[in-house]
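Thank you all for making time this morning. I would like to walk you through one model, and I would ask you to keep it in view while I talk.

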Amino acid sequence: MAVPRSPDRWVFILLVVGLVGIGVAVALLVPARVLGAEEPPRPVTATVVESGSCGQGMDTVEWDADGQKKQAKLDGCGHRKGETVDIINTGGEMVSSAASLPVGLPVGRRLTALLLCMAALAGGFYAFLFRYAPLRAPAVMPSPRQESVS
């Protein structure tokens with residue numbers, strides 16, 4: 001005969017699942033700057049000064065940085081002279097096209113850490129259930145006692 005489980009256990013399990021769901025939502029929706037991450041570089045509009053052929057070299061671009069004209073090699077090729085492109089200046093001698101940077105929320109690391117924590121929680125809960133589970137009734141029922149006649 002199975003022992004009926006208390007409905008209080010299900011309330012506890014649903015409470016834990018609900019809190020984990022709220023934690024997931026908060027972890028994925030909180031802006032990265034609140035957590036102390038660097039702000040991504042802003043794109044700047046630049047003009048192609050010298051066009052390099054693809055396979056031979058790179059384009060050279062020029063842009064206005066705080067009132068000064070700066071030139072650098074563009075990590076790309078095939079633009080026409082005088083064409084405007086959006087670039088990201090990383091501070092070196094080469095700049096990148098703004099279109100080549102990933103756009104969107106950087107949730108990969110957060111999601112990985114969150115899934116690791118959830119797996120640890122599930123493993124701990126399974127170990128708890130395995131260790132403290134009530135003993136089950138035997139599968140074979142004992143035969144009834146026979147009364148002895150004296």
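Before I describe any strands, let me fix one term: two strands are said to pair if DSSP finds at least two bridges between them. Please also bear in mind throughout that what you are looking at is a predicted model.

With that definition in hand, we can take β3 and β5, the latter covering residues 94-97, which pair in the parallel sense over two bridges. Within this pairing, Lys73 has Met94 in β5 as its bridge partner. Strand β5 is also joined to β4 by two bridges, and those two strands run antiparallel, with Ile88 standing opposite Ser96 in β5. Between β4 and β5, which form a hairpin, there are five residues, and Gly91 in that turn has a positive phi of about 95 degrees.

If we now turn to β1, we find four bridges joining this strand to β4, with the two running antiparallel, and here Ala46 has Val85 in β4 as its bridge partner. Taking the strands together, in what order do they close into a barrel? The order is β1-β2-β3-β5-β4, with five strands taking part and a pairing that is mixed. From one strand to the next, the twist averages 55 degrees.

Let me move on to the cysteines, since a search of the whole structure finds one disulfide. This bond is formed by Cys54 and Cys77, whose sulfur atoms are 2.0 Å apart. Cys54 sits in the loop between β1 and β2, while Cys77 sits in the loop between β3 (68-74) and β4 (84-88), so the pair ties together parts that are 23 residues apart in sequence. The torsion about the S-S bond is about 105 degrees, and the disulfide is therefore right-handed. As for the surroundings of the two residues, Cys54 is exposed, with a relative accessible area of 54%, whereas Cys77, at 29% relative accessibility, counts as partly exposed.

Finally, I would like to look at Asp59, which is found in the loop between β1 (44-50) and β2 (60-65). Which side chain of opposite charge is nearest to Asp59? That side chain belongs to Lys73, and it is 8.5 Å away, so Asp59, although buried, has no salt bridge, given that such a bridge would require the charged atoms to lie within 4 Å. Leaving aside residues up to four places away in sequence, Asp59 touches a number of residues, among them Val48, Glu50, Lys73, Cys77 and His79.

Key:
Residues numbered from 1 in each chain as written. Predicted model: local features only at pLDDT ≥ 70, side-chain atom pairs only at ≥ 80, totals over all residues. Heavy atoms only, no water. Buried < 20%, exposed > 50% of the residue type's maximum accessible area, 1.4 Å probe, protein only. Lys, Arg positive; Asp, Glu negative; His and termini not counted. Contact = heavy atoms within 4.5 Å. Disulfide = S-S within 2.5 Å. Axes fitted to C-alpha atoms, helices over the stretch in contact; angles between N-to-C directions.
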